[in-house]
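Visitor: I'm new to this and would love a tour. Could you show me the structure, and then I'll ask away?

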Amino acid sequence: MSTIDRREVLALSLVGALGIPAARAQGLPAGYPDSYRDTIAQAEREGSLLIYSIMSPENWRPVIESFNRLYPKIKVETLDLPASRESFERYLAERSTNSRSADLIATADPGGWIDFQARGEILDYVSPEAKAWPDWSKPFPGLYTVSSDPMAFIWNNTLVPEGKRPKSFAELVALTTANERAWRNKITSYGAHQVTFGYGINYAFVKKHGEKAWAWFAELAKLQPRFERSGGPMTEKVTAGEYATGWFVSAITFWPRLADPARARILGWSFIADGQPMVLRGVAIPKGSKNLNAAKLMLDFIISEEGQRAFGRGGLTPARPGVKPGDGIRHTYSSIAEIVGEQNMIYVGYDADALKDYDAFLARWKQTFNIR
């Protein structure tokens, strides 16, 4: 065997040991056109990538580690911004002064994405991975989905006995009605009047169920819920017994906490069988991207099966159909659809009506929950 042959065998052995597909190790993802080699070469010359998002470093860590095993010459920096809309506002302000800004934006803000697309700021990039994704995940040309994160029920197991734990919104309403006096001020959710995230979830739920949803909300309002701005406080207060239960709580905020056995004994949860909200996180390359080729590599990686599994290990919910749980991933879009039924999935996504109906919806919301 020649020296070159021995090197090739050794390289392929290392590839198998590290779990890297051979096509990747040779510089080209499987199924990609040969011209993609030029994209890789140009991205490596660019050498860096700046991402604006609302995801934490913990969410990004397995993604960047996996990406850099494939493309070690590209330094990736993520900026975790405190609010969804800030990604767009910061980018637009920097673009207006020709300052360094994001090469890639990843955030859960449907209204922001609608406005960004209307401004013509999304690069119409057709990823080689696009054909593997359904239409709901590609709302505009160049905009793809990072994750589809479920909003779930949570409850305190010491306050909600077995046999009474809700699996549907109708069951939640029946449970709270039966405990109306004892649970006054002891149920929680996102306030549609407080955060756009909460508005989007509740609007999508009402759009599916119509007047039935408003009737359910009216029943919950009798208990005078205490609304929170994020899932962390909801989870902590339900665990402590300050709240008995919560609805539309972001699963990615409480799933990691269930790794603690003591907490897992107290905190119960369920998907919502009669209408499971799924918050879609979008990702796109802005037209002002300075490192365009590096941005393409990362976007393609994020929506590949490999990248989706990496984000799953980082705590998000892989949205790519066909990706299954395992390897540290609790649930995926496909596994949730199997549980509740595809017809019961509610996409909290890119509905222009949500912008048009905002004032009227909030007025009715405040009236229903007696919010001044």
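**Salt bridges and a domain border**

Guide: Let's start with one residue: Lys-222 is partly exposed, at a relative accessible area of 40%. Keep in mind that this is a predicted model.

Visitor: Which residue does Lys-222 meet in a salt bridge?
Guide: Look for a carboxyl oxygen within 4 Å of the side-chain nitrogen of the lysine. Here the N to O distance is 3.1 Å, so the pair passes that cut-off. The partner is partly exposed, at 25% relative accessibility. That partner is Glu-219.

Visitor: Is Glu-211 buried or exposed?
Guide: First, find Glu-211 in helix H9, at residues 211–221. Its relative accessibility is 52%, and the cut-off for exposed is over 50%. Therefore Glu-211 counts as exposed.

Visitor: How many residues apart are Glu-211 and Arg-364?
Guide: These two form a salt bridge, with their closest N and O atoms 2.7 Å apart. Arg-364 belongs to helix H17 (residues 358–368), so the pair links distant parts of the chain. Along the chain, Glu-211 and Arg-364 are 153 residues apart.

Visitor: Which residue pairs up with Asp-327 in a salt bridge?
Guide: Asp-327 sits in the loop between helix H14 (305–313) and H15, and its partner is in helix H14, 14 residues apart from it. Asp-327 is exposed at 52% relative accessibility, while the partner is partly exposed at 35%. The closest N and O atoms are 3.3 Å apart, and the partner is Arg-313.

Visitor: How many salt bridges cross the interface of domain 1 and domain 2?
Guide: The chain is divided into domain 1 (37–148 + 279–348) and domain 2 (150–278 + 353–369). A search of the whole structure finds 22 salt bridges. Across this interface, though, the rule finds seven residue pairs in polar contact, and the number of salt bridges is zero.

Visitor: What area is buried between domain 1 and domain 2?
Guide: The contact takes 21 residues from domain 1 and 21 residues from domain 2. Carbon and sulfur atoms give 71% of the buried area. The whole area comes to about 1800 Å².

Visitor: Which three residues supply 35% of the area that domain 1 buries against domain 2?
Guide: The side of domain 1 that touches domain 2 has twelve nonpolar, seven polar and two charged residues. One trio supplies more of that area than any other three residues. Its members are Val-279, Arg-330 and Ile-346.

Technical notes: Residues are numbered from 1 along each chain as its sequence is written. This is a predicted model: local features need pLDDT of at least 70, side-chain atom pairs count only at pLDDT 80 or more; totals for chains, interfaces and linings use all residues. Side-chain values use heavy atoms; hydrogens and water are left out. Domain bounds come from an automatic or database domain assignment. Contact means heavy atoms within 4.5 Å. Buried area is the accessible area (1.4 Å probe) that two parts lose on being put together, summed over both. A polar contact is a pair of N or O atoms within 3.5 Å; within protein, one must be able to donate a hydrogen and the other to accept it, and residues adjacent in sequence count only if both atoms are side-chain atoms. Ala, Val, Leu, Ile, Met, Phe, Trp, Tyr, Cys and Pro count as nonpolar, Asp, Glu, Lys and Arg as charged, and the others, Gly among them, as polar. Helices (H or I, at least four residues) and strands (E, at least two) are DSSP runs, numbered from the N terminus. Buried means under 20% relative accessible area, exposed over 50%, partly exposed in between (1.4 Å probe, protein chains only).
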